[in-house]
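I open the notebook here to keep track of what I look up, starting with strand pairing and going on to the aromatic rings.

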Amino acid sequence: MLGIIKKQCPSLLNSEFQCSERYVRQFFQAVLNWSPRAGTRAAAHLPADAEDVCERSLMRIVYAMQWYNIPPKLLLNGDQMGIYILPNSSRTYHPTGEKQVDVVAKDEKRAFTLFVTSTADGDFLPFQQIWGGKTKASTPSSDAPGMDKALDLGFDFTFIEEDPDLDDDQMSILFIDAYPVHTSEEFRTMIFKEYPRIILIFIPQNCTGKFQPADVGLQRPIKHFLKQKIFQWMANTHQEQLSRGAPLEDIKITTSITELRNASVPGLVEAYEYMSSQNGRSLIKKAWTNCRTKGYNLSPECLTSKKTQAELHKYLQQDSTLREEIEARCGIVHGLNDSSKPLESDINLRIDSVDDDDVLLTAVISATFGETLNNTNFQKMEEGTLENNIEVEDVWAYDGAGRM
């Protein structure tokens, strides 16, 4: 629809009317008499002991940082997210009352897995983009738009720049979810043998929405950013087809995996640049800080404070589970007696929300952290996602003659 407007009557688009997703939804319902259809699925719930298991997880981190001299910039949280580059949903619009509902491109799954990693210090690591396939041909081509810049930023992980502030035997923490692959003996053994300087600490099961920085504050904004970019690409592609004289009935959403793979690269580059900016670093730190339990949080300030380290001493005496776990792994539990001298930690050193693509990223970030929306141009829908709230985009505000 946006591509048609840009080609046939671009003057319609202005600061007030942008053909928002809300307008399109209402157009389907008011003009075409189509109604939305949706599937349902059970949602995971926090376990009853979420506060207790999250507190124990935090104390694991505090212990490792204190006794292995691990700085906040080496406390990493990584998580995978599924990104659809071809609009895919259990919802579609169809004439009201019809029982048979077909979804366009329902069987054309065009998606990739994006591994997102951040540190408690606000750093953002280069993306790892994973496609299904068996050869290099299953990845974006070398001449894809933005590919040169993506490779320069380290997206292919072919090199790691050394940090002169860190020793060769510096320990680090990988804080990841308790996915069966991660907790498997094969994976844990591989980390222990091949990467002995990495300490694995798991987020308690079913607590990622509460205690995983990627889920708490990063997934929703990043997905929204990438959705905006792929929708812009699609609108521009349809506009180009119309400009070449293609009939309206021939304008279709491309399902070419090659085209869609290549189209994903520029958005990833822009997303990485944003997350590496000052605004992005602030967002990352906010995500870690908003992982809270029993008065603690995952910010560097809390994890390395003398107060938290003093609480760790008490916790180790009271919690036999963590104490026995450390003793079994290390043979000794540091900090149980007052004569121990800790090393000084250097502080310097799963239903996804889908917001409308025309919603500002700043509004999505505010909604992610449950903050009040200062921008009245956007409103929350019933399921908690955001949509455009500008009056001129409201189909129901017009009469039959097109007057408001």
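Entry one, strand pairing. In this predicted model, I looked up the partners of strand E2 (residues 75-84) and found that E2 pairs with strand E6 (residues 172-177) in the parallel sense over three bridges. Within that pairing I noted that asparagine 77 has phenylalanine 175 of E6 as its bridge partner. With strand E4 (residues 111-119), E2 pairs in the antiparallel sense over nine bridges, and there I found glycine 78 opposite threonine 117. I also checked how covered E2 is, and seven of its ten residues turn out to be buried.

Entry two, aromatic rings. I searched the whole structure for aromatic pairs and obtained six. In one of them, phenylalanine 124 and tyrosine 272, the ring centres are 6.1 Å apart and the planes stand at 45°, so I recorded the pair as tilted. Because phenylalanine 124 lies in the loop between E4 and strand E5 (128-130) and tyrosine 272 in helix H9 (residues 257-276), the pair ties together parts that are 148 residues apart in sequence. Both phenylalanine 124 and tyrosine 272 are buried, and ring pairs link Phe124, Phe127 and Tyr272 into a cluster.

Entry three, back to E6. Phenylalanine 175, which I had met as a bridge partner, also forms an edge-to-face pair with phenylalanine 211, at 6.2 Å centre to centre and 85° between the planes. Phenylalanine 211 belongs to helix H7 (residues 208-211), 36 residues away from phenylalanine 175, and I found both residues buried.

Entry four, a charge over a ring. I noted lysine 227 over the face of phenylalanine 231, 5.5 Å from the ring centre.

Methods: Residues numbered from 1 in each chain as written. Predicted model: local features only at pLDDT ≥ 70, side-chain atom pairs only at ≥ 80, totals over all residues. Heavy atoms only, no water. Buried < 20%, exposed > 50% of the residue type's maximum accessible area, 1.4 Å probe, protein only. Helix = DSSP H or I, 4+ residues; strand = E, 2+ residues; numbered from the N terminus. Pairing = 2+ DSSP bridges. Phe/Tyr/Trp six-rings, centres within 6.5 Å; stacked < 30°, edge-to-face > 60°. Lys NZ or Arg CZ within 6 Å of the ring centre and 35° of its normal.
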